[in-house]
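Please examine the structure shown below. The questions that follow ask on what grounds each description of it rests.

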Amino acid sequence: MAKITYIEFGGTEHVVEVPNGLTVMEGARDNGIPGIEADCGGACACSTCHVYVAPDWVEKLPAKDDMEEDMLDFAYEPDAARSRLTCQIKVTDALDGLVVQMPEKQI
């Protein structure tokens, strides 16, 4: 289980424990955290679970695959280094303390 901090665009923080094996997107969905819409349900077929990963976590996460890179092209104001789709980040103990920030909107 990992404690993950989700920060809404307006600054409201939500710190939740997410079980291993789920995705960061499922952790937000299961805990009613606003700002991650996840329209495709985690199939990496949209960009509505886009977040900005805290700078000190960028290198700690597994690399983006080609499909995630392609979908991030459709995200709102993607950042080449920090943008990720939360449906593609699997929770493990190594993610304990992860901090993600939601963009102003999801598209």
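Q: Which residue in strand 5 does Thr-5 stand opposite?
A: In this predicted model, Thr-5 stands opposite Val-99 of strand 5.

Q: What makes strand 1 and strand 5 a pair?
A: Two strands pair if at least two bridges are found between them. Strand 1 and strand 5 (residues 99-101) are joined over 3 bridges, in the parallel sense, and therefore they satisfy the definition.

Q: How do you know that strand 1 and strand 2 pair, and in which sense do they run?
A: Strand 1 (residues 2-7) and strand 2 (residues 13-18) share 6 bridges. Pairing needs at least two, so the two strands are called paired; their sense is antiparallel. Examples of facing residues are Ile-4, which stands opposite Val-16, and Ala-2, whose bridge partner is Val-18.

Q: What lies between strand 1 and strand 2 in their hairpin, and which phi does Gly-11 take there?
A: The hairpin has 5 residues between the strands, and Gly-11 takes a positive phi near 105°.

Q: Why is strand 1 called largely enclosed by the rest of the structure?
A: A residue is buried when its relative accessible area is under 20%. In strand 1, 5 of the 6 residues are buried, so the strand is described as largely enclosed by the rest of the structure.

Q: Which residues have the most contacts inside the largest nonpolar core?
A: This core has 29 residues, and those with the most contacts inside it are Ile-4, Tyr-6, Val-24, Ile-36, Leu-85, Leu-95 and Leu-98. At least two core residues come from each of strand 1, strand 2, helix 1 (24-30), strand 3 (50-53) and helix 2 (66-72). Leaving aside neighbours within four places in sequence, Leu-98 is in contact with residues including Ile-4, Val-24 and Trp-57.

Q: What makes the charged end of Lys-60 count as sitting over the ring of Trp-57?
A: The distance from the charged end of Lys-60 to the ring centre of Trp-57 is 4.6 Å. The definition asks for a distance within 6 Å and a position within 35 degrees of the ring normal. The charged end of Lys-60 is accordingly listed as sitting over that ring.

Q: Why is Ile-107 called exposed?
A: The cut-off for exposed is over 50%. Ile-107 has 51% relative accessibility, so it counts as exposed. Ile-107 lies in the segment after strand 5.

Q: How far apart are Ile-107 and Tyr-76 in sequence and in space?
A: Ile-107 and Tyr-76 are 31 residues apart in sequence, and 6.0 Å apart in space from C-alpha to C-alpha. Not counting residues up to four places away in sequence, Ile-107 touches Ser-47, Thr-48, Phe-74, Ala-75 and Tyr-76.

Terms used
Residues numbered from 1 in each chain as written. Predicted model: local features only at pLDDT ≥ 70, side-chain atom pairs only at ≥ 80, totals over all residues. Heavy atoms only, no water. Helix = DSSP H or I, 4+ residues; strand = E, 2+ residues; numbered from the N terminus. Core = buried A, V, L, I, M, F, W, Y, C linked by side-chain atoms within 4.5 Å. Buried < 20%, exposed > 50% of the residue type's maximum accessible area, 1.4 Å probe, protein only. Contact = heavy atoms within 4.5 Å.
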